[in-house]
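Student: Could we go through this structure together, one question at a time, with the reasoning behind each reply?

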Amino acid sequence: TYTTDTKSREENKKTIESLYRLSVDIKKIRRLKEWVLLQDVAYVKEIAGILQEMGADETAVANILERCPEAILHTPAEINSQRALWQLVCQNEKQLIKLIEQFPESFFTTEYHENQKANILFFQELGLKNNIITRFLTSAPSIFYNPVEKNKNVIETLQRNYLSLGGSDANMKIWILKLLSQNPFILLNTSTAIQENLEFLQQNDFTDHEVLQLLSKLKGFIFQLTSSTMQKSMLFSKNVFKCSDQELKQLVLKCPALLYYSVPVLEERLEGLLKEGISVAQIRETPMVLELTTQIVQYRIKKLSALGYDIKSGTLESLNGTKKDFEVNYGKIQSKKERPIFNPVAPIHIED
């Protein structure tokens with residue numbers, strides 16, 4: 001929104017002096033966003049004053065301005081409006097300044113102020129807790145730039161489909177809120193894309209109940225796919241596992257990653273597993289192993305091999321799951337190996 005082609009192409013001395021007084025690393029700004037220093041008008045003292053008023057100390061102010069120097073190009077009125085807006089969801093100014101320190105770019109994007117405000121109020125009405133809304137503001141700010149009508153439209157499409165797939169009125173609100181909390185970027189999709197993806201699943205003989213199951217398992221990421229990429233991924237899995245449509249459907253329900261990941265990703269992960277001596281039959285038995293990157297699989301196989309566990313002859317279950325799940329499984333295998341074999345009914349030999 002600011003011109004980077006200033007006539008003079010000379011740094012604004014007044015801006016430099018004001019930043020210098022605040023112990024801001026000017027070299028850092030020159031390296032990353034020099035255009036900010038070329039602007040004729042800047043509000044360095046005023047913006048620093050507002051941040052200090054909120055409880056930021058000298059170091060915090062310097063850090064914020066180094067990370068997001070364009071903050072000084074906003075008027076104090078714009079920043080105070082943004083401050084009032086974020087206070088709608090922050091417990092206090094202490095929490096607010098902490099968020100600004102961590103995510104200055106999100107706070108200092110003031111161009112969509114009216115949309116941000118309308119969306120915050122809409123999310124509160126929807127029943128999202130303030131701590132979730134603050135998480136959205138910092139990690140998914142782009143969803144607030146949409147006009148509120150667009151976000152409402154997407155939510156209404158999800159609600160309508162949830163009910164038409166057999167979801168109950170009583171659970172709908174919980175389902176929507178959970179889906180949004182897991183993946184706020186759903187709101188960046190269009191209602192048409194959502195509709196098309198659901199229809200694709202139904203055309204591939206997934207029952208309404210199974211479609212709902214997939215939506216929940218995939219945390220709404222299914223809406224970021226297209227029917228053609230899903231089709232390609234399913235065809236790839238069908239060829240690899242040499243299975244019927246019905247068997248493929250069961251594999252996808254067991255491991256939605258087969259639907260979510262593109263063919264190149266699935267290919268690379270499959271090759272990585274085969275190189276480790278794992279068979280296609282083993283992978284078909286435990287397809288969830290394809291959710292893991294090749295590096296993670298190699299690391300886990302190495303750790304299990306060190307315990308004498310042969311992955312080629314055993315089940316792949318021990319490779320599966322999150323880092324925490326794996327550590328628990330690994331611990332069980334380790335303690336089993338270390339435990340001495342003890343027969344409670346064997347006679348005890350005592351030397352005289």
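Student: At what angle do helix α10 and helix α11 pack, and which word describes how they lie to each other?

Tutor: In this predicted model, helix α10 covers residues 148–164 and helix α11 covers residues 169–182, and their axes lie 10 Å apart. The two helices pack at an angle of about 135°. Angles over 145 degrees count as roughly antiparallel and those from 65 to 115 as roughly perpendicular, and the pair falls in neither range, so α10 and α11 are described as oblique.

Student: Is the crossing of α10 and α11 left-handed or right-handed?

Tutor: Handedness is a separate description from the angle of about 135° between these two helices. For α10 and α11, the crossing is right-handed.

Student: How do α14 and α15 lie to each other, given that they pack at an angle of about 110°?

Tutor: The axes of α14 and α15 are 10 Å apart, and the angle between the helices is about 110°. Because angles of 65 to 115 degrees count as roughly perpendicular, α14 is placed in that class with respect to α15, namely roughly perpendicular.

Student: Which helices each supply at least two residues of the lining of the second largest pocket?

Tutor: This pocket has a volume of about 180 Å³, and its lining includes Q231, M234, L235 and K238 as well as D245, Q246, L248 and K249. Helix α14 spans 227–241 and helix α15 spans 245–254. The helices that each give at least two lining residues are therefore α14 and α15.

Student: How many polar residues does the lining of the largest pocket have?

Tutor: The largest pocket has a volume of about 330 Å³, and its lining includes K217, K219, K254 and E291, along with L218, F221, P256, A257, Y260 and Y261. By class, this lining has six nonpolar and four charged residues, and the number of polar ones is given as no polar residues.

Student: Which element of the chain has the lowest mean pLDDT?

Tutor: The chain averages a pLDDT of 88, and 93% of the residues score at least 70. Where pLDDT is low, the predicted coordinates should not be read in detail. Among the elements, helix α8 (residues 113–126) has the highest mean, 96, whereas the lowest mean, 82, belongs to helix α20 (residues 323–338).

Notes: Residues numbered from 1 in each chain as written. Predicted model: local features only at pLDDT ≥ 70, side-chain atom pairs only at ≥ 80, totals over all residues. Heavy atoms only, no water. pLDDT = per-residue confidence, 0-100. Helix = DSSP H or I, 4+ residues; strand = E, 2+ residues; numbered from the N terminus. 1 Å grid on protein atoms, 1.4 Å probe; cavity = no way out; pocket = protein on both sides within 12 Å on 5 of 7 lines; lining within 4 Å. Points joined across faces, edges and corners; volume = space filled by probe spheres on them. Nonpolar A, V, L, I, M, F, W, Y, C, P; charged D, E, K, R; others polar. Axes fitted to C-alpha atoms, helices over the stretch in contact; angles between N-to-C directions. Parallel < 35°, antiparallel > 145°, perpendicular 65-115°, else oblique. Left-handed = near helix turned anticlockwise from the far one by under 90°.
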